Structure formats: structure tokens, C-alpha cells
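Please look over the model shown here before reading on. The report is meant to be read beside the sequence and the coordinates.

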Amino acid sequence: MNDFEAGRPVVLRGGTVLPMDGRQGEGGRVLPRTDVLVIGDRIAAVGPGLAAPPDAVEIDASGGIVMPGMIDTHRHMWQTALRGYGADWTLTQYFVWFYLEHGKLFRPEDVHAGNTLAAIEALDAGVTTVVDWSHGLQTVDHADAAADALQSVPGRYVLAYGNLQQSPAEWTAAPEFRDFVRRRVTGDDLLGFQIAFDVLGDPAFPEKPAFEAARELGAAVTTHAGVWGATGDDGIKLMYEHGFMTSGTIYVHAASLSADSYHRIAATGGSISVSTESEQSAGQGYPPTWAIRAHGIPVSLSMDTSVWWSGDLFSAMRATLGADRSREHLEAHAKGETVTHCGLRADQVVEWATRGGARALGRDDLGSLEPGKKADLVLIKNDLSPVSFPLLNPFGHVAFQAQRGDVHTVLVNGRVVKHEHRLLGIDLAAARHEVEGTVEYLRSEMGEEAWEQGMNPDIPATKLLDNPYTYTDYRSDSTHRL
Ligand SMILES: [Zn+2]
């Protein structure tokens, strides 16, 4: 038991509050020495020196930053069971491993193991809502395992149902899938539902029945669009011409699309989930924020899969700022020009990581700290860290200085799930045990050689360039050819 179990009101005292309320521009406002009062599942008040109910638990937020919980709009949570395994993969190696060769080895308990660990990891990093882009649901038992895992961890999740082993038309028509939806999609505020599949650009548009199914079920579609060599402008055109581009649609990556496709997305009100770290390493295309900013398309952030990267949005914000600015500099240099003012600001990526995610999910009640909104929030504070001060530019601090170890307190739906850097009511040992079982099983099914090869893809030969210069060490008269 702890102070927070009984649903007592909580007041965070004297933090630097980033309300992300859209006032004074996009990201913008900073409220110094401000309190946030949470009663039940809602934010009751934001302001200095708030009166709190006598039974409220006080959390000292001084020296820290209080901001909305972060929202990840695309994460293949089942793959967290293989954390880091694909660090040196390209997208091609990922496709071969998960789609063609070993992805189907995952049993329901392996999806459960991955999802449970991913869900815990998200809370630890202050990511209070995650879209579980769950395309490993090859049977409904896998889907039940995925949903069970998400409901066993006190965060907010959206199960984006997918099955990469069958065509979307096939699995969305299956009676057992419809039965799953009836049983598990119950309007639970902490477990949303989407439909996840990709549109490959076949002119016959075989994905059409899946879009119709989503419409019939009232579920938003999330789709990997603009993935170099896999999905592109043809898919966007088909969706547009058949009337399936809607305001709830999330286009993941959208990294190798034409201006025409961006115009169609902008005109139909959809949003783009940018996974900068993924686009940089895997090769879907250049991380597209530099392009989609010019088209006025709403952005949210995501980290894609822990088979490469860790599940926190600090690194996503940092990578996104870096990639956008790199592109801006490179394009200017190509024209012989110099960028003197950065176009993308730190407050903008913090907005994308919070309010942007809420907007993408159609959740007006998330993503900002305002009275009446759901109490999903994060306190970033680490008194033992030399990186915690001076706190001069709070948005810059979140985007470039902070990391998951600085997440002091996390609330989801008014419930304190992490406090003083420790998760509450989470059985990490059980999650570890489950994942160990999955790793052991996959490894023995694949065999030691395939396991090692999968993790260590061949390195292409690098041709070392001839160097016309020689270096003479001043301490001797010996000459080294470099
Ligand atoms: Zn993905």
C-alpha cells in the first residue's frame, strides 16, 4: 500500500508547468512556480498557490517540469520482447525476419510478454498513451493476449489490430475477429481500438473491404504510408478516390510521398505519425517533418519498435529536431546559403509529443494540462542529476536535456503510477520472467546459427579511399602513410 492507492486527490506544488493548452501560439506557455491539482481522473485546477482538499497528497514539483503525459501513436509493442535485437538492421532485414521468416513463431504468450514489457516501459518514460500497432495478431488468441497485457498495466493504450500473415480483407471479415471486437472493444477509456494495415498500391485495391470493415466498426485506420519500396503515392490515391481518407486516419512515416499526396492528406484532415529514429535507420525515407510542416499537416510522434530503439519520446523529440534542422541546413548549403534561424523549435516537438498525439487520436480530453482534462501528466525532476539545472528554457530542456531517468512522477487517469522514480504496483520481475521465456523459446525454435545471423547481418564492404597526403610525426623523422 502507498499514499496513492485510495484515489486521494493529488497536488503537484511549485513546478514549472508546460500546459500545452494552445494559448499564445502553438506550444508556448510556461507557468513558473505553478501547482496542478488532480481530483479523481481529472485535472481540477492549474495555478499558483492552489487550495487543495485536506486529504490531498502533496508532491513537491519545485525545480521540475510538469507537462502532459506523452503520446506515442505507433509502436509495435509485441516486438519489445526482442529489445535491441535488430540494432543493425535495415527495413529489408526487418521485413524478412518478422514478415517472412520468424515473426510467425510468436505464440500468444510471446505477444503478451512483449506487450507487457512495452506497456511498463512506456509508463516509466512518461509515455501515458501508446498506440499498439499490433500486426502480429495471427490468431484471435494472440489478440486476446495483446489486450490482456495492455489491460494489466495502468496506462492508456489503443490496440491497433493487425495481422501481417493474412490480407486485411481476409482477417477483417473473419467471424472470430468480429467476435473479438464485440467482446473486447467495450468503450473502456483506457483501451481504445484502431485497425492497422498497409495499402500496397495494387490498382484492384484489395484493401477496400478492410476500409469498409473499419467504417462499419467505427474504428480509425492507421497505415504505414510513404515507406520507400513498400507503400507510396499509389496507395494514397486509391484511398482518396474511394473516399477512405478521413480526419481520423493516421499515416505512419509518410516519408517518401509526393507533394500531391501531402495535399490530399492535408485536405482530408488526417495526421502523420513521424518516427524519426526509425526513418533514419531503417530507410522509409528522410524523416518528413521538414516537408509536412510546409503542408500544414498535423504531426504526432512515435518510436515504432524496440527491436531497434528504446520506447521513450525524449529520444524521438531530439532526433526529430536534429533531422529537421539537418535537412534545412543541407538544402541551404546546396544553394550556397546559410540558415541563420532554425525553423523548427523545441516547443513544437514537445507539442507534437503531447497535444499532437491527442489530436491524432481524436482525444480532446488528453494532451494538455487544463481544468476538466484527463489527468495524464508527467513530472520531470531529478535532484541528483547535474543536468537538472539551471532550468532556463523548459522546452529546450525537455527536448534536448531530459531523459527517462529524470521522469520522477507519472499520473494516468488521475492515478499515480510512478513516484520518486519508482513504478507503483508493477511486477517487473514477472515481466522479466515472461520475456526470458519468450527469448528462450524463439532462440531454440530458430536454432543458434539463425539466431546469431539474424542479429548480425553482413556488413557491406567499405572501400577505403586513397589519401594523397602523408603525415610526418614531428617527434621523429619516420613517415607514416595514413
Ligand atoms: Zn511501424
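What follows describes a metal site, two helices, a loop serine, a helix glutamate and some backbone features.

## The zinc site

In this predicted model, the zinc ion has four protein donors, namely NE2 of His-74, NE2 of His-76, NE2 of His-224 and an OD atom of Asp-304, which lie 2.0 to 2.5 Å from the ion. Along the chain these donors follow the spacing H-x1-H-x147-H-x79-D. His-74, in strand β6 (residues 70-75), and Asp-304, in the loop between β13 (299-301) and α11 (313-334), are 230 residues apart, and this pair therefore links distant parts of the chain. The angles among the 4 donor atoms run from 80 to 174 degrees, and the site is classed as irregular. The reason lies in the cut-off, because four donors count as tetrahedral if all angles lie between 85 and 135 degrees, and the range at this site goes from 80 to 174 degrees. Ideal angles for four tetrahedral donors are 109.5 degrees. Water is not among the atoms, so sites may look incomplete.

Are His-74 and Asp-304 buried or exposed? His-74 counts as buried because its relative accessibility is 0%, and Asp-304 counts as buried because its relative accessibility is 5%. The backbone of Asp-304 also deserves a note, since this residue has a positive phi of about 80 degrees although it is not a glycine. Most residues other than glycine have a negative phi.

## Helix α14

Helix α14 spans residues 428-446, and its 19 residues reach 27 Å from the first C-alpha to the last, close to the 27 Å expected at 1.5 Å a residue. Its buried residues are Ala-431, Val-435, Thr-438, Tyr-441, Leu-442 and Met-446. They lie on the same side of α14, because they cover an arc of only 120 degrees around the axis. On the other side of the helix, Ala-429, Arg-432, His-433, Glu-440 and Ser-444 are exposed.

The cover over the buried residues of α14 includes the helices α1 (91-101), α2 (108-124) and α15 (448-455). After α14 comes Gly-447, with a positive phi near 90 degrees.

## Helix α5

In helix α5 (residues 175-184), the buried residues are Phe-177, Arg-178, Phe-180, Val-181 and Arg-184. Seen down the axis of α5, they fall within an arc of 155 degrees, so they line one face of the helix. Pro-175 and Arg-182, on the other side of α5, are exposed.

What do the buried residues of α5 pack against? Their partners are α3 (140-151), β8 (156-161), α4 (168-173), β9 (191-196) and α6 (208-217).

## Ser-368 and its surroundings

Ser-368 is placed in the loop between α12 (346-360) and β14 (377-380), and it counts as buried because its relative accessibility is 2%. Its side chain is joined to that of Glu-370 by a polar contact of 2.6 Å, and to that of Lys-373 by a polar contact of 3.5 Å. When residues up to four places away in sequence are not counted, Ser-368 touches Pro-19, Met-20, Asp-21, Ile-43, Pro-68, Arg-355 and Lys-373. Lys-373 thus appears both in a polar contact with Ser-368 and among the residues that Ser-368 touches.

## Glu-328 in helix α11

Glu-328 lies in helix α11 and is partly exposed, with a relative accessible area of 26%. Leaving aside neighbours within four places in sequence, Glu-328 is in contact with Val-339, His-341, Cys-342 and Gly-343. Glu-328 and Val-66 are 262 residues apart in sequence, and their C-alpha atoms are 31 Å apart in space.

## Further backbone features

The peptide bond from Phe-389 to Pro-390 is cis, with omega near -5 degrees, and Pro-390 is found in the loop between β14 and α13 (394-401). Most peptide bonds are trans.

Arg-33, in strand β2 (residues 31-39), has a phi near 45 degrees, which is a positive value in a residue other than glycine. Arg-33 is exposed, with a relative accessible area of 64%, whereas Asp-304, for which a positive phi was noted above, is buried.

Definitions and conventions. Residues numbered from 1 in each chain as written. Predicted model: local features only at pLDDT ≥ 70, side-chain atom pairs only at ≥ 80, totals over all residues. Heavy atoms only, no water. Donors = N, O, S within 2.8 Å, 3.2 Å for Na, K, Ca; no water. Tetrahedral: all angles 85-135°; square planar, octahedral: opposite > 155°, others 65-115°. Helix = DSSP H or I, 4+ residues; strand = E, 2+ residues; numbered from the N terminus. Buried < 20%, exposed > 50% of the residue type's maximum accessible area, 1.4 Å probe, protein only. Polar contact = N/O pair within 3.5 Å; in protein donor to acceptor, adjacent residues only side chain to side chain. Contact = heavy atoms within 4.5 Å. Expected span 1.5 Å × (residues − 1). Arc of directions from axis to C-beta.
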